[in-house]
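Me: I am new to this structure and would like to learn how to read it, one feature at a time. Could you show me the model before we begin?

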There are 2 protein chains.
Amino acid sequence: MLKLTRKVEYALIALRHMQNKESRAVTNTKEIAEMYDIPLELLAKTLQLMARGGIVDAVHGPNGGYKIKAKLENINMIEFFEKIEGPLGLMDCYFDSDCTQISACNIRSPIQKINDNMRNMFENMSVDEITQ
Amino acid sequence: MLKLTRKVEYALIALRHMQNKESRAVTNTKEIAEMYDIPLELLAKTLQLMARGGIVDAVHGPNGGYKIKAKLENINMIEFFEKIEGPLGLMDCYFDSDCTQISACNIRSPIQKINDNMRNMFENMSVDEITQ
DNA sequence: TTTATACCCGACTAAATTAGTCTGAATTAT
DNA sequence: ATAATTCAGACTAATTTAGTCGGGTATAAA
């Protein structure tokens with residue numbers, strides 16, 4: 001419960017690793033996978049997702065790899081999570097689905113409140129804040 | 001990812017329901033299960049966990065049920081989650097386990113930062129704030 | 001222009017977690 | 001006594017996450 005996925009962890013590790021290099025430098029998947037002992041294929045997927053999401057640039061061919069493209073201080077954690085895991089239903093709201101049944105139920109259910117608080121927190125947190 | 005479990009949802013629904021009654025009133029599991037269309041057995045378990053955790057009082061026998069015992073404004077969400085789901089490893093920290101490998105790795109890893117921020121947020125949020 | 005290196009992509013399997021069920025108790029008002 | 005209710009834990013089913021595999025595409029360099 002309330003866990004990040006490995007893909008998100010791996011993505012953060014990869015970014016952090018790349019941040020410690022010159023901006024021109026290119027890092028390939030294997031390098032990161034071996035250094036941090038992450039399954040290569042899974043890390044590869046994760047990096048592909050970041051490339052699609054415009055967070056990193058992919059360089060094809062021999063001596064290729066990835067480098068950071070986006071300004072990480074301008075990407076908030078919700079955006080980041082969603083680029084990697086797809087739309088976040090932070091939780092299923094039990095009330096929303098059949099609200100008519102329950103006259104005592106406020107529109108803004110307990111679960112929605114938690115949801116909002118979490119979203120809010122992560123929206124005000126940049127990727128850079130975490131990885132640097 | 002970053003989801004609450006159903007047990008937690010059910011617990012919040014149950015508390016909310018009980019809050020709208022006189023403090024003397026007792027609510028049985030069936031009443032809540034039927035009203036919100038929650039699987040009886042699972043809700044039962046959840047209420048038992050809250051009873052063990054001192055959040056509600058159980059009244060045995062016919063006409064028995066539960067009533068709120070604790071001051072909900074004094075219970076923070078971390079305590080609440082842990083009473084229901086057990087100790088929360090909000091996420092597995094990849095770095096912590098074999099930190100020696102990575103010389104570039106700070107002690108406080110990216111994942112730990114998120115962890116701390118989440119814990120902090122939930123520690124400053126009372127159950128009452130959510131359910132009322 | 002061939003070759004080797006590296007990214008790309010989707011389908012598949014395996015593992016872990018969560019949700020829900022079942023069975024049989026213990027407690028107590030009537 | 002009996003029926004209503006909580007208590008407890010083992011069990012199965014469903015869902016989600018993690019990880020694997022096979023076959024592609026792009027491109028630097030020999």
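Me: Which atom of DNA strand D is 2.7 Å from an N or O atom in the side chain of B:Tyr66?

Reply: A polar contact is a pair of N or O atoms within 3.5 Å; within protein, one must be able to donate a hydrogen and the other to accept it, and residues adjacent in sequence count only if both atoms are side-chain atoms. Here the atom of DNA strand D that lies 2.7 Å from the side chain of B:Tyr66 is a phosphate oxygen. A phosphate oxygen of this strand also lies 3.4 Å from a polar side-chain atom of B:Arg52, whereas at B:Gly61 a backbone N or O atom lies 3.4 Å from a sugar or linking oxygen.

Me: Before going further, how should I treat the model itself?

Reply: This is a predicted model, in which local features need pLDDT of at least 70 and side-chain atom pairs count only at pLDDT 80 or more, while totals for chains, interfaces and linings use all residues. Residues are numbered from 1 along each chain as its sequence is written, chains are lettered from A and ligands numbered from 1 in the order in which they are written, and side-chain values use heavy atoms, with hydrogens and water left out.

Me: What is the mean pLDDT of chain A, and where does pLDDT stay under 50?

Reply: pLDDT is the predictor's confidence in each residue, from 0 to 100. For chain A the mean is 88, and 86% of its residues reach 70 or more. Over residues 98-107 of chain A, however, pLDDT stays under 50, and the model has 10 contacts (heavy atoms within 4.5 Å) beyond four places in sequence for them.

Me: Which residues come nearest to DNA strand D?

Reply: A residue is near a strand if one of its heavy atoms lies within 4 Å of it. Of the 26 residues around DNA strand D, the nearest are A:Arg6, A:Tyr10, A:Leu42, B:Met1 and B:Tyr66. Sugar and phosphate make up 70% of the atoms of DNA strand D that come within 4 Å of the protein.

Me: And which residues are closest to DNA strand C?

Reply: DNA strand C is surrounded by 26 residues, of which A:Met1, A:Tyr66, B:Arg6, B:Tyr10 and B:Pro62 are the closest. Sugar or phosphate holds 69% of its atoms within 4 Å of the protein, and the rest belong to bases. A base nitrogen of DNA strand C lies 3.0 Å from a polar side-chain atom of A:Lys45, while phosphate oxygens of the strand lie 3.2 Å from a backbone N or O atom of A:Thr29 and 2.8 Å from one of B:Arg6.

Me: How many bridges join β1(A) to β2(A)?

Reply: Strands (E, at least two residues) are DSSP runs, as are helices (H or I, at least four), and both are numbered from the N terminus; two strands pair if DSSP finds at least two bridges between them. In chain A, β1(A) and β2(A) run antiparallel and are joined by 4 bridges, with A:Ala58 partnered by A:Tyr66 in β2(A). The hairpin of these strands has 5 residues between them, and A:Gly61 takes a positive phi near 80° there. In chain B, β1(B) and β2(B) pair in the antiparallel sense over 4 bridges, and B:Asp57 stands opposite B:Lys67 in β2(B).
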